[in-house]
Amino acid sequence: MTKIKELNKSTRNNIITLGIILVFYVLCQILIAAGVMSNLMQGLLVPLCYYSILAVSLNLTVGILGELSLGHAGFMCIGAFTGAFFTRCTEDSIPNVFIRYTIAVLIGAIFAALFGGLIGVVVLRLRGDYLAIVTLAFGEIVKNIINALYIGIDEKGFHISLQDASNLKMAEGGDIIVNGAKGITGTSRDTTFTIAILLLILVYVIIVNLINSRSGRAIMAIRDNRIAAESVGIDITRFKLLAFTISAAMAGVAGVLYSHNISSLVATPKNFGYNMSIMILVFVVLGGVGNIRGSIIAAVILTLLPEYLRFLADYRMLIYAIVLIVMMIFNWNPACITWRKNHSFKDILQSVFKNKKEEAKASGKEEA
Amino acid sequence: MEMLTVKNLGISFGGLRAVDSFNITIEKGELYGLIGPNGAGKTTAFNLLTGVYKPDTGVITLDGKNITGLSTIEINKAGIARTFQNIRLFRALSVLDNVKIGLHNDYKYSTLAGILRLPSYRRIEKQMNEKAMDILKVFDLDKEAHLLSANLPYGKQRKLEIARALATNPKLLLLDEPAAGMNPSETDELMKTITLIRKKYDVTILLIEHDMKLVAGICEKIFVLNFGTELANGLPGDVLNNPEVVKAYLGE
Ligand SMILES: Nc1ncnc2c1ncn2[C@@H]1O[C@H](COP(=O)(O)OP(=O)(O)OP(=O)(O)O)[C@@H](O)[C@H]1O
Ligand SMILES: [Mg+2]
């Protein structure tokens, strides 16, 4: 009895999370249809999804693998630009949005994974804080290179330059796709709330299934005790690399969502700089390191909050900071953790539908 | 039949010769004890055998294959598993998962099969659960299978480490002070379990232990280390009465 119940505990938790996401989606659709959702909120729906994906994917590196990465925005940036680049080039040749978007997502994920793998190969063999330092530098380098990158297309094919647009030496009628610091403009805004939710669900399921599989256990074994993991024959480098690459790929997916949600994509410190990486890390830490559902909740709260605090003008960031601190205490203070255990959602439901006999039976079974 | 032969094994840490010209031969199916005073180099010898440290001198041969200088991972795959003097569990994982991680290399399905929940995932996970529960039963840990391993009492954590090592299906099991921190009744129970797993899993055991009652009670042969070199070896009765050994333990 207990065995079956416990075995399914994580599965049940995941189904609950998926349920919450779906209810949220349906609720939003109803509100939009009824015309009662503000424009501000409607504009935030897609960002909520990509921030959630970023938080969930970074949690794979930080919470499940136990390595600190400070360059998650860099992988997002690669996904954003490669995905948008593809869409920009194929808008005429692939008119079907579904096919084009699917390929764009795959391209964003693959390129981000490629860079993730490359950095991983170099750095994951080292121990300690190297990964944090290298990923931090990586994020900045990616952003800066993209700011200096010019790619154009004409009848002779692609032209690439790292200097300026005139250096592309394009034929008449050529089209500059990536225009240095001006980025990529004119990508069709294909991201919809529905696509964003679907991708969030996809990423969530991939990561949660990974965690609850043989490879996921290997990754967590490395996190918990590297020496013991080696002693039972777990290939440390391989599984570190696997986790890191998947994490990067998912950030790439978030990047594609992002770049197809705006009409002009530029790499600024604000969207792809280390501030962004730190913000994603804040989502992960406040949502609970290793807690995938928590990452989503934290990403949602901390994305909505600053927007809805705008009326406070200058006091906005003050309140934001206070909320951060309160969330931190709520999540990590031992007294709060016990309080939460004793006042769980289940208990509240039980006390609402009071049925003493049932309750006594249930608790009797649990103890058995 | 010789299973493990170690010839002239040695390592230095800076100026300290922690293990020096260490020789042992281990026959299949036997239970050996490795004893010696604190700091004699016993744990270091285990670390050399399992590839945690690379020896400066010597050759280690397992079943005719030279395994000197291989990585810990390769040595585990070749058939040596171990436990640690300072317990090293996967603390944030359940008792069951700790053992299932030990099964990692014998029960395989791809990462993709795991993510997509393909039939191979379901089938092999089921086999892993059954196998892991079998092993846990032997150690009387099956009721705690779903507890967090960090929440086990100390004695059970030690047993779980043995269970996890055993899950890798080793030929040779190295136990570093398995009874440390256990009370007498726990130690008795552990001795019974060790005797049982020897037969059930057909595994050869080399154990480090300070508890002489345990060593004399179950070991068939004993090696004594002192200052990194072998001081004596032989039957428990002979070795424990050897004046050199008594001197090493009690001082002049
Ligand atoms: N990594 C290391 N670096 C430097 N010195 C070490 C290292 N590992 C062990 N030593 C030293 O080697 C010697 C042997 O240590 P070891 O841990 O093998 O002893 P032991 O026989 O297991 O003792 P105990 O019974 O206390 O566990 C000690 O002097 C120890 O300080
Ligand atoms: Mg020791």
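Start by selecting helix α1 (residues 42–49) of chain B: seven of its eight residues are buried, so the helix is largely enclosed by the rest of the structure. Keep in mind as you go that this is a predicted model.

**Stop 1: helix α1 of chain B**

Colour the buried residues of α1(B) to see them together: Lys42(B), Thr44(B), Ala45(B), Phe46(B), Asn47(B), Leu48(B) and Leu49(B). Then step past the end of the helix to Gly51(B), which follows α1(B) and has a positive phi, near 80 degrees.

**Stop 2: ligand 1**

Now show ligand 1 and the residues around it. Which residues come closest to ligand 1? Of the 14 that surround it, the closest are Gly39(B), Lys42(B), Thr43(B), Thr44(B) and Gln85(B). You have just met Lys42(B) and Thr44(B) among the buried residues of α1(B).

Three distances are worth displaying here:

- Select the side chain of Gln85(B): one of its N or O atoms is 2.8 Å from an oxygen atom of ligand 1.
- Select the side chain of Asn38(B), where an N or O atom sits 2.9 Å from an oxygen of the ligand.
- For Ala40(B), show the backbone instead, since a backbone N or O atom there lies 3.2 Å from a ligand 1 oxygen.

**Stop 3: where chain B meets chain A**

Zoom out and show both chains. The contact draws 32 residues from chain B and 31 residues from chain A. Together the two chains bury about 2700 Å², with 61% of that area on carbon and sulfur atoms.

Next, look at the polar side of this interface. There are 14 residue pairs in polar contact across it, both partners being at pLDDT 80 or more. On chain B, the elements that give two or more residues to the side touching chain A are α2 (72–78), α3 (95–102), α4 (111–115) and α5 (119–138). Highlight α3(B) in particular, as it gives the most, with five residues. If you colour this side of chain B by residue class, you will find 13 nonpolar, nine polar and 10 charged residues.

How many salt bridges link chain B and chain A? The count is one. To find it, select Glu125(B) and Arg217(A), whose closest N and O atoms are 2.9 Å apart. Add Lys100(B) to the selection as well: salt bridges that share partners join Arg217(A), Lys100(B) and Glu125(B) into one network.

**Stop 4: Ala92 of chain B**

Move to Ala92(B), in the loop between β6 (80–82) and α3 of chain B. Ala92(B) is partly exposed, with a relative accessible area of 42%. Setting aside residues up to four places away in sequence, Ala92(B) touches Arg223(A) and Asp224(A) from the other chain, along with Leu148(B). Draw a line from its C-alpha atom to that of Tyr121(B), 29 residues apart along the chain, and you will read 23 Å.

**Stop 5: salt bridges within chain B**

General background for this stop: side chains of opposite charge can pair when their charged atoms come close. Over all chains, the whole structure holds 19 salt bridges. Here are three to visit.

Select Arg17(B) and Asp20(B), which meet in a salt bridge at 3.0 Å, N to O. Arg17(B) is partly exposed at 28% relative accessibility, and Asp20(B) is partly exposed at 28% too.

Then select Lys28(B) and Asp202(B), with their closest N and O atoms 3.2 Å apart. Lys28(B) lies in the loop between β2 (16–27) and β3 (31–35), and Asp202(B) in the loop between α7 (184–200) and β8 (204–208), so the pair ties together parts of chain B that are 174 residues apart in sequence. Lys28(B) is partly exposed, at 35%.

Finally, pick Arg164(B) and Glu161(B), a salt bridge of 3.4 Å from N to O. Both residues lie in helix α6 (residues 154–167) of chain B, three residues apart, about one turn of the helix. Are these two partners buried or exposed? Arg164(B) is buried at 1% relative accessibility, and Glu161(B) is buried at 1% as well.

**Stop 6: His72 of chain A**

End the tour in chain A, at His72(A) in helix α4 (residues 72–90). With a relative accessible area of 1%, His72(A) is buried. Show its contacts beyond four places in sequence: Leu54(A), Ser57(A), Leu58(A), Ser247(A), Ala251(A), Ser277(A) and Ile280(A).

Key. Residues numbered from 1 in each chain as written. Chains lettered and ligands numbered in written order. Predicted model: local features only at pLDDT ≥ 70, side-chain atom pairs only at ≥ 80, totals over all residues. Heavy atoms only, no water. Contact = heavy atoms within 4.5 Å. Buried area = accessible area lost by both parts, 1.4 Å probe. Salt bridge = Lys/Arg side-chain N within 4 Å of Asp/Glu carboxyl O. Polar contact = N/O pair within 3.5 Å; in protein donor to acceptor, adjacent residues only side chain to side chain. Helix = DSSP H or I, 4+ residues; strand = E, 2+ residues; numbered from the N terminus. Nonpolar A, V, L, I, M, F, W, Y, C, P; charged D, E, K, R; others polar. Buried < 20%, exposed > 50% of the residue type's maximum accessible area, 1.4 Å probe, protein only. Near = heavy atom within 4 Å.
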